[in-house]
Amino acid sequence: MSDTHSTELEAAAFRQLLAHLQKHTEVQNIELMILADFCRNCLAKWYAAAAAERGVAVDYEQAREIVYGMPYAEWKEKYQLEATPEQLAAYQARQKLKDDK
């Protein structure tokens, strides 16, 4: 496979991932962090870092708007729930496992 085709397929898969996350607003970031060790904010940080590496002016807030499909403050107000004590405990346990490695 050519580099161009590979890049096109990766970009298409990334766009589909973003669309999926934007559609499934019921999935909370803390749940993603517990299960997959990344969340929408991580994707935005990776996006902004990739832009910076290539000299493209996209800051973290702009990247978050791309990932969330709207300004982060709006998404947070509409969809973000307070983390439950159980979620916080699971997240802390996950972090401890990472620290112990």
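Buried residues, meaning those under 20% relative accessible area (exposed is over 50% and partly exposed in between, with a 1.4 Å probe and protein chains only), make up 26% of the 101 residues in the chain. The model in the viewer is predicted, so that local features need pLDDT of at least 70 and side-chain atom pairs count only at pLDDT 80 or more, while totals for chains, interfaces and linings use all residues. Residues are numbered from 1 along each chain as its sequence is written, and side-chain values use heavy atoms, with hydrogens and water left out.

**The whole chain**

Start with a cartoon view, in which the chain shows 6 helices and 0 strands, where helices (H or I, at least four residues) and strands (E, at least two) are DSSP runs numbered from the N terminus. The C-alpha trace spans about 45 × 35 × 25 Å along its principal axes. Switch to a surface, and the accessible area comes to about 7,200 Å², with 57% of it belonging to carbon and sulfur atoms; such areas come from the Shrake-Rupley method with a 1.4 Å probe, and for residues only the protein chains shown count as cover. With contact taken as heavy atoms within 4.5 Å, 50% of the contacts between residues at least 6 apart in sequence join residues at least 24 apart.

**The nonpolar core**

Next, select Leu18, Leu21, Leu32, Met33, Cys39, Cys42, Leu43, Ala44, Ala48, Ala63 and Val67, the 11 residues of the largest nonpolar core, a term for a set of buried Ala, Val, Leu, Ile, Met, Phe, Trp, Tyr and Cys residues joined through side-chain atoms within 4.5 Å. At least two residues of this core come from each of α1 (3-23), α2, α3 and α4 (60-68), and α3 gives the most, with 4 residues. Centre on Val67, which touches Leu18, Gln22, Arg40, Leu43 and Ala44 when residues up to four places away in sequence are not counted.

**Asp37, between two helices**

Move to the loop between α2 (29-36) and α3 (40-53), where Asp37 is found. Its phi is near 65°, a positive value in a residue other than glycine. Most residues other than glycine have a negative phi. Asp37 has a relative accessible area of 26% and is therefore partly exposed.

**Asn41 and its surroundings**

Continue to Asn41 in helix α3, which counts as buried because its relative accessibility is 15%. Show the side chains of Asn41 and Tyr68, joined by a polar contact of 2.9 Å; a polar contact is a pair of N or O atoms within 3.5 Å, where within protein one must be able to donate a hydrogen and the other to accept it, and residues adjacent in sequence count only if both atoms are side-chain atoms. Leaving out residues up to four places away in sequence, Asn41 touches Asn29, Tyr60, Arg64, Tyr68 and Tyr72.

**The aromatic cluster**

Finally, select Tyr68, Tyr72, Trp75 and Tyr79, which ring pairs link into a cluster. Rings of Phe, Tyr and Trp (its six-membered ring) pair if their centres lie within 6.5 Å, with planes under 30 degrees apart counted as stacked, over 60 as edge-to-face and the rest as tilted. A search of the whole structure finds 5 aromatic pairs. The ring centres of Trp75 and Tyr79 are 5.8 Å apart and the planes stand at 50°, so this pair is tilted. Both residues lie in helix α5 (residues 72-79), 4 residues apart, about one turn of the helix. Trp75 is buried at 1% relative accessible area, whereas Tyr79 is partly exposed at 28%. Add Arg64 to the selection: its charged end sits over the ring of Tyr72, 3.6 Å from the ring centre, a description that requires NZ of Lys or CZ of Arg within 6 Å of the ring centre and within 35 degrees of the ring normal.
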